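Please look through the structure below with attention to its packed interior, its enclosed spaces and one of its sheets. The paragraphs that follow take these topics in turn.

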Amino acid sequence: MRLDRLLTATAFTATALVASACPQGPVAVIPNTPPLVSIEDPIVPPSGDPIVIEEAAGLTVTAVVSDAEDEESTLVIHWLAERTDELAEVEDLGDTQPDSTGFSDKLIGGLDPGFWTITAEVEDSHGATDNALLPIHVLSANLCPGVTITQPTEGGEFVDGEVITFTGTVNDDRGLDGISIEWFDNLDGLLDITAPSESGLLTFSRSNLTIGGHVVTLTATDDDGASCPQTVEFTVIPSDLPPYDFEIEIDPPEPTTDDDLRCLITQGSADPEGQPITYHYTWYADGVPTVVAGDTVSSDQTINLQEWTCEVVANDGTLDSNTAVDMVQIGNTVPTFESVLLSPDPGSETSILFCEGFDFDDADGDPEGWEATWYVDGLPVPGVTDVELDGTWFDRDQQVWCDLAPFDGYAVGEIITSNIIDIVNSAPSAPTVSVTPTPVALIDDDLSCLIDVVSVDPDGDPVLNPDSYEVTWLLDGVPDPSSDGLWILPSVKTSLGDEWTCQVRATDGLDWGDYGTAVVTVLPEVGDIVISEMQAAPSVVADVAGEWVEVYNNSGTTMSLQGFEIHDDDTDTHVIADDIVMPAGTYVVLGRNGDYLTNGSVLVAYEYTSFVLDENVDEVVLSFDSVEIDRVEYDLGLYPAGTPGHSLGWDPSIGNPDPIVNDDPANWCHSGNSIGLTGTTDWGTPGGANDPCACFTSDGDGDGWGDDSSCGSPDCDDSDPAFSPGATDICEDGIDQNCDGFDAVCPCLDTDDDGDGYGDGLACSPVDCNDSDPSIFPSAVEACDSIDQDCDGVLDNGDSAVMCPPTTQVATTNCSGGDCFVSTCNSGYYDVNGFYSDGCEVQDDGISDACGGAHDLGDVNTGGSRSTPGGVLLPTSGDVDWYRVAFPRSGRPGGGTPTVVFSTRPTTDYYFDVFYSCSSVAVCGAGTSTGNTDYAFTDNQSTAGVNQWSTNASGWPDDLYIRVYRTGGGPTASSYSLSITR
């Protein structure tokens with residue numbers, strides 16, 4: 001309720017009460033103010049034209065109300081619809097209630113087409129009303145404009161160039177405003193879009209339309225896109241008419257490949273203007289134009305089942321007539337044949353029977369084809385037309401034949417019946433067998449023949465295992481009767497290169513079946529024979545005489561080299577023909593020259609041909625049956641100089657020759673041992689274990705002599721090629737050039753080079769130990785300089801006091817390694833830094849090294865302090881200093897905080913420990929500890945007892961003992977001091 005109305009009502013009530021109690025004069029009554037309503041949306045245009053809506057569409061109308069006394073949301077709006085273009089009852093559209101702002105929406109819909117007035121009427125609580133009006137026009141459902149074509153008439157005909165007038169009418173239930181017009185021709189496209197007149201008349205003319213049949217469509221479209229087109233058909237003909245239609249046919253109408261085709265004019269054409277007529281022929285084969293131009297196609301141009309079409313047009317010199325067409329199909333000739341043969345005869349259940357025809361002939365040249373009908377014991381086999389028939393269709397003791405007909409892909413020829421065959425017993429199928437090991441066996445492997453899948457008898461006869469099976473063996477494809485019946489072939493029967501075939505067959509008691517076979521080849525395993533040494537560059541003899549290759553049996557069993565091939569990657573190759581037997585772990589030498597007297601004293605087991613070792617880079621490959629057993633690829637340039645004559649061998653220090661490891665050039669080296677007498681033969685170990693590579697690879701100076709202990713004649717100086725067992729020794733030059741352990745002796749007079757009267761030759765006695773220095777000779781005075789002046793063989797063995805005079809506070813000295821050292825110091829002095837020059841530089845501080853003799857610092861009372869005298873700790877003697885200090889008790893709790901700290905700490909390796917007595921362990925606070933740099937305790941307990949200190953579980957000590965020490969440090973002895981306070 002509004003405030004002003006509330007006040008008015010209150011005033012009225014009060015007045016009324018007063019009036020009833022005390023009579024008064026007349027009372028003024030405030031009149032009711034009517035409500036107001038207006039339509040806010042849609043807004044009627046200034047012209048007053050109604051709002052237009054479609055019949056099926058709705059219209060939302062928004063009204064707004066107000067009232068001086070009533071709340072807007074308490075008012076009610078009554079909605080009415082009244083027809084204005086004809087008499088009709090007023091329609092009640094229902095009520096709406098405004099919101100708190102006075103606005104209310106109403107959806108108007110469902111009204112019939114026509115003119116209406118919508119009324120919004122509001123009424124307040126006192127019955128006062130107001131209304132607002134909205135005119136609307138409800139349109140009926142849109143209909144497409146109607147069109148009619150009056151000219152040209154349907155089916156009309158016009159000569160090319162003639163003016164053609166087009167007329168029509170259009171009408172629309174909503175008037176012609178906004179109507180669009182389109183005349184469209186199927187040949188010439190858009191013809192006209194002129195708008196209609198006020199009466200709906202449409203008209204225009206054209207004289208240039210295309211010759212031919214026209215379909216013209218008239219379409220009128222209103223603003224809403226509705227349209228209803230109408231069409232008219234007419235023809236524009238040329239001014240010069242073409243010849244009349246005519247008829248043709250192809251003869252013969254049912255041709256074969258033997259017939260020529262002729263295109264005949266059965267009814268001729270004529271020209272309307274009387275011009276002479278000519279005919280033009282076009283032939284098509286299966287729809288494709290051909291080069292045939294006349295009226296005839298020869299038979300050699302046709303094939304069966306082709307479609308040939310003849311097209312003919314008549315021409316009057318200017319225009320062509322319509323095309324006359326006829327078509328025929330070339331017929332097929334049925335194929336023939338002479339005879340039929342059914343095989344094999346007899347057959348079995350495992351047979352595939354073949355019905356074969358002979359002398360097939362087809363006049364059309366079609367490919368050969370067949371259709372068969374099969375009979376088993378006189379009954380046809382259903383569904384099988386192929387020329388082959390397998391054993392699933394017949395059994396033993398039945399009879400089979402076939403009817404065969406030729407077929408060219410189009411037609412089936414005459415049938416011929418085959419011979420009759422008998423179905424006899426079928427042998428069992430071949431079993432599936434295998435041999436283990438497979439596919440390759442080693443020389444010591446037994447070969448086991450196994451049946452993996454047993455035989456099956458097609459006739460159902462029993463096949464027992466093993467009684468129904470027979471096992472035999474073939475060696476290199478040739479039967480080996482001595483192995484018949486052996487399911488396990490022992491290794492003693494096999495040799496390298498053998499190809500063994502196990503064949504097994506089964507019997508059903510009537511016939512033996514086919515063999516099942518398995519093949520295994522006996523081959524060496526990769527690495528069974530290993531290349532271990534080779535001589536590619538002999539020097540004592542020529543290559544052709546001295547080249548050889550050594551191999552090693554790495555298989556663990558005796559093997560023969562027969563059949564092995566030694567070759568390289570080019571054309572050098574040789575197959576070993578002899579039976580060269582190699583027990584396990586033995587070496588065999590293969591060489592170009594087997595003569596011991598001419599090949600450099602090498603025992604060659606087999607002489608090969610057609611294989612040459614290159615002196616620089618080459619391959620040595622050992623194969624068997626094209627299987628590579630071992631390979632070595634060498635490059636002599638990888639090894640030290642001086643290699644001619646030295647064989648290249650596997651390093652035995654690695655182990656036995658190995659086919660993988662010997663691929664690494666780092667595992668090979670040249671031999672350093674002479675095959676025979678040094679200087680008369682090359683170097684190597686053919687047929688035996690190789691030299692360790694340590695010998696040859698130790699040849700650091702390249703003189704051909706190594707210095708390793710494995711060398712037979714080691715080089716005594718492998719850094720200088722002038723030193724070797726083969727060098728010439730220079731007498732008494734102090735050098736053993738020939739490595740025999742001795743220097744050649746020269747006369748003594750020739751060996752005194754420094755003129756001190758003593759020579760150094762082997763003939764001299766005594767000998768000058770340094771003949772280049774006259775101060776060094778037997779009986780000379782020794783000095784401490786690591787020089788043997790008196791040549792007695794002992795360095796610095798003179799009088800120490802003479803060689804090393806005592807320095808400051810030094811008692812005795814010694815000489816060692818050419819330098820003087822302090823041996824002992826005078827009493828109370830120490831040599832801390834080890835320098836001879838400054839002698840014993842530190843004096844002992846005199847402080848006891850034992851707790852029992854600790855230096856007494858006295859008592860320290862509250863507020864008091866003590867300091868230790870200047871102390872020195874010696875790092876080389878394990879020196880320690882002991883002190884005692886007392887902290888007298890002064891009641892409970894104790895007074896002050898006793899504290900011990902370094903006031904002077906030379907280095908971080910100085911520490912002290914605190915003890916309660918000489919028999920106690922070091923303490924710090926509440927636990928045992930060592931390595932202090934400061935220490936303090938406080939008694940904060942009022943009574944004696946356990947845990948008297950806040951930081952220690954023991955009572956206040958009468959005395960403390962302090963041990964000062966160091967844990968390391970250099971050769972110094974700096975002073976320290978402790979500060980003790982309370």
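**Cavities, cores and a sheet**

In this predicted model, the lining of the largest cavity divides into 7 nonpolar, 1 polar and 4 charged residues. That cavity holds about 60 Å³ of space, and a search of the whole structure finds 5 cavities of 30 Å³ or more. Among the residues that line the largest cavity are V632, E633, Y634 and D635, together with L648, N662 and W668. Strand β50, which spans residues 627-635, supplies the largest share of this lining, with 4 residues.

Turning to the nonpolar interior, the largest core has 50 residues, and those with the most contacts inside it include I531, M534, V549 and F564. Strand β39 (residues 499-506) gives the most to this core, contributing 4 residues. Apart from this core lies another, of 23 residues, with L93, L111, I118 and L134 among them. Which residues, leaving aside neighbours within four places in sequence, are in contact with V549? Among them are I531, E533 and M534, as well as I566, V588, Y608, F611 and V620.

The last topic is an open sheet, in which 3 strands are arranged in the order β24-β26-β29 with antiparallel pairing. Because β24 (339-343) and β29 (388-389) stand at the edges and each has a single partner strand, one side of each is left without a neighbour in the sheet. Strand β24 is joined by 5 bridges to β26 (residues 353-358), and the two run antiparallel; within this pairing, S339 has F358 of β26 as its bridge partner.

Conventions. Residues numbered from 1 in each chain as written. Predicted model: local features only at pLDDT ≥ 70, side-chain atom pairs only at ≥ 80, totals over all residues. Heavy atoms only, no water. 1 Å grid on protein atoms, 1.4 Å probe; cavity = no way out; pocket = protein on both sides within 12 Å on 5 of 7 lines; lining within 4 Å. Points joined across faces, edges and corners; volume = space filled by probe spheres on them. Nonpolar A, V, L, I, M, F, W, Y, C, P; charged D, E, K, R; others polar. Core = buried A, V, L, I, M, F, W, Y, C linked by side-chain atoms within 4.5 Å. Buried < 20%, exposed > 50% of the residue type's maximum accessible area, 1.4 Å probe, protein only. Contact = heavy atoms within 4.5 Å. Pairing = 2+ DSSP bridges.
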